[in-house]
Amino acid sequence: MMARRKGPGRPTGSVRRSQVITTYGPGALIDLPHDSAIIGGLDLWPAPHVLERVDEPRLAARLGGLTGGAPPALHVPPAASDRPGDVSDGITSPRFPEWFLVQKEESSPDGDGSRRSRRLVHRQGLDNRRKHRSLAYGGQPVVATRFVRGCPRGHVDDIDWWSFVHRGPSLCRGELQLEERGAGGDLSNLFVRCSCGKWRGLHEAKEIDDQPLGTCSGARPWLGPNANEACDQPARLLIRTATNAWFPQILTVLSLPKRAEAIDDVVAGLWDDLEIVDEPVELRFPKRKTRVAAALHGYDDAEVFAAIERRKAGAPDDRPVKLAELDALLKAPEGYGDDVPVDQRFHARRLPEQAWKRAAGSFEDRVEAVVQVHRLREVSALTGFSRFEAPTPDILGEADTNVESAALALEPSWFPAVENQGEGLFLQLPADAVAEWLERREVRERCETLAAGHDRREEERPTSAKRRLFPGGAYVLLHTLSHLLIQSLALRCGYPAASLRERVYVDDEAERFGLLLYTASPDAEGTLGGLVQQARHIAEHLRHALRLGQLCSNDPICAHHRPDQSAEKRWLHGAACHGCTLVAETSCEMRNDYLDRGLVVPIIGGDAGFFDRVE
């Protein structure tokens, strides 16, 4: 657990440490029992030297490439103490926003009983807090307004209510009321009224072109009161509790088999002592410790210093994140995983063909290999965040550079990260079968339709954003197959579907295609073995998954959906909906986008499935 504090004194709330990476990271807006706040940036966290360190050179090297500097350190978010009365260091979270609604309804000026008004008050106008245990105005309780303004770059600020209601800068400082008309809570029923007689509907704040909320102020309250930066974006209306108020930018890697020499492993184990060494002559200082001297016995200073330099420079592996993982998965030796010793970070074995192919039937030429991943270690780091538009890693696992993310600190020198242990299974598709399938006329036409939908989606994105590339038909095939298999595996593997995750691997240049389905948790082992053992029954799961994909409860509407002509603006979906292929977003690496079961199996009105025969 992670203690969260709003200032000196006892913690006001706590969350799991992994939630700091995915849900409540710096810049996220939260509600506390008697207040509201914004999670503070890394400068408001405990000093990194008191936090647990995460060792993953490959991820650190990737982050160094993003920041343009040396590989930064990775640290686990602070944990709350489980001892009664112990107040542990947590994350300081500034109060935000500064405007509040009085919880006492006032009568409408025109006496219309259908209109309910509540006063809008700035924090400076609230009662003296020394006389009240919670925030109040005239003895009446108040709550933070749910309306603020922000921009896609992550900036967030209070709405200038006086300027909004007067339709421009004004010296008027009359009393403000938020008036609700009608029974619904829609923006069209909300109006802001000033005591001078001016009023304005809150629905007008949604219009971006007219800039009713003005230009973004560049405010970054999670970094402190004086952290504003220049911004020319139009300010947008933002509801604090909405799902688009905070999107994390997360970079995830799987730990790979150790290929380093023995000295690299020794240096890694002594890194806290050797990190300060900048010259070979400086090794004499850490060697004064008996433990360090004993571990380095037999290695000369030149060897040790060379290993230190390699580690400081980061992992020399400059391959894209997923391609390096794909290499490791495809190089897994054949076996059943009963090797001793077992590498707790990565232990994978290619399942012998006789263990699964006899039951494959017509799928035999559609599956190249099945790999049991008995142990894996997943490390995820929070690198930034955005609002309004979610950043998504590309199909090679690299960070999304198409969305401008907000900084976690004024000058970030480290990043919060968590590590999880788990298990999984990897499925490889034959390259020749995929290439032949992509050449079919029906497949080309369906992929062109999906690409056209992708282009429509890009046209709707902010003009300042870079255009993303369509991931291709092979990716959509694997991604959709992954979702169908998740639903089948969850019935027998012992894990709920929401705890299963995917990593889709598409290497077009080398013509390598596969998908990894895995589960991971922060405990010591992170595995029950149930998912790994389902690799032996992959043929059964394929049959079940493909039967699920052939017919949806929303057919024929789902099957006939065209992303390039979508009235619902579902431009990234082919034949895909909640009745067939969509899964929990915790499981999906693409936020449930780029799905089309018509590329996996024959469906109503379509014959472009990779698995053209379903038993």
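**Exercise 1. Sort the lining of the largest cavity by residue class and place the cavity in the structure.**

*Solution.* Start with the classes: three nonpolar, three polar and two charged residues make up the lining of the largest cavity. Keep in mind as you work that this is a predicted model.

Next, put names to these residues. The lining consists of R149, G150, H155, V156, D157, C216, S217 and A235. Two elements, β11 (147-150) and β12 (156-157), each give two or more residues to this lining.

Finally, add the volume, which is about 30 Å³ for the largest cavity. With a cut-off of 30 Å³ or more, the count comes to one cavity.

**Exercise 2. Describe the second largest pocket by its volume, its centre and its residue classes.**

*Solution.* Begin with the space: the second largest pocket holds about 840 Å³. Its lining has 30 residues, and those closest to the centre are T392, D400, R468, M590 and Y594.

Now turn to the classes. Here the lining has 14 nonpolar, four polar and twelve charged residues.

**Exercise 3. Trace the open sheet of seven strands and find its edges.**

*Solution.* Write down the order, which is β9-β10-β7-β8-β13-β14-β15, with antiparallel pairing. The ends of that order are the edge strands, β9 (136-137) and β15 (199-201), and each of them pairs on one side only.

Then look at one edge in detail. Strand β9 joins β10 (residues 140-144) in the antiparallel sense through two bridges. For A136, the bridge partner in β10 is P141.

**Exercise 4. Work out how β18 is covered and how it pairs.**

*Solution.* First take burial, with under 20% relative accessible area as the cut-off. Strand β18 (residues 346-350) is mostly covered, as four of its five residues are buried.

Then take the pairing. Five bridges link β18 to β19, and the two strands run in the antiparallel sense. Within this pair, F346 stands opposite L376 in β19.

**Exercise 5. Check the length of helix α13 and find what its buried residues touch.**

*Solution.* Helix α13 (residues 538-550) has 13 residues, so at 1.5 Å a residue it should span 18 Å. To get that figure, the rise is multiplied by one less than the number of residues. The end C-alpha atoms of α13 are 18 Å apart, which agrees with the expected span.

Next, list the buried positions of α13: I538, A539, H541, L542, R543, A545, L546 and G549.

As a last step, find their neighbours. The buried residues of α13 pack against β19 (369-386), β20 (414-429) and α11 (473-489). Strand β19, named here, is also the partner of β18 from the previous exercise.

Terms used:
Residues numbered from 1 in each chain as written. Predicted model: local features only at pLDDT ≥ 70, side-chain atom pairs only at ≥ 80, totals over all residues. Heavy atoms only, no water. Pairing = 2+ DSSP bridges. 1 Å grid on protein atoms, 1.4 Å probe; cavity = no way out; pocket = protein on both sides within 12 Å on 5 of 7 lines; lining within 4 Å. Points joined across faces, edges and corners; volume = space filled by probe spheres on them. Nonpolar A, V, L, I, M, F, W, Y, C, P; charged D, E, K, R; others polar. Buried < 20%, exposed > 50% of the residue type's maximum accessible area, 1.4 Å probe, protein only. Contact = heavy atoms within 4.5 Å.
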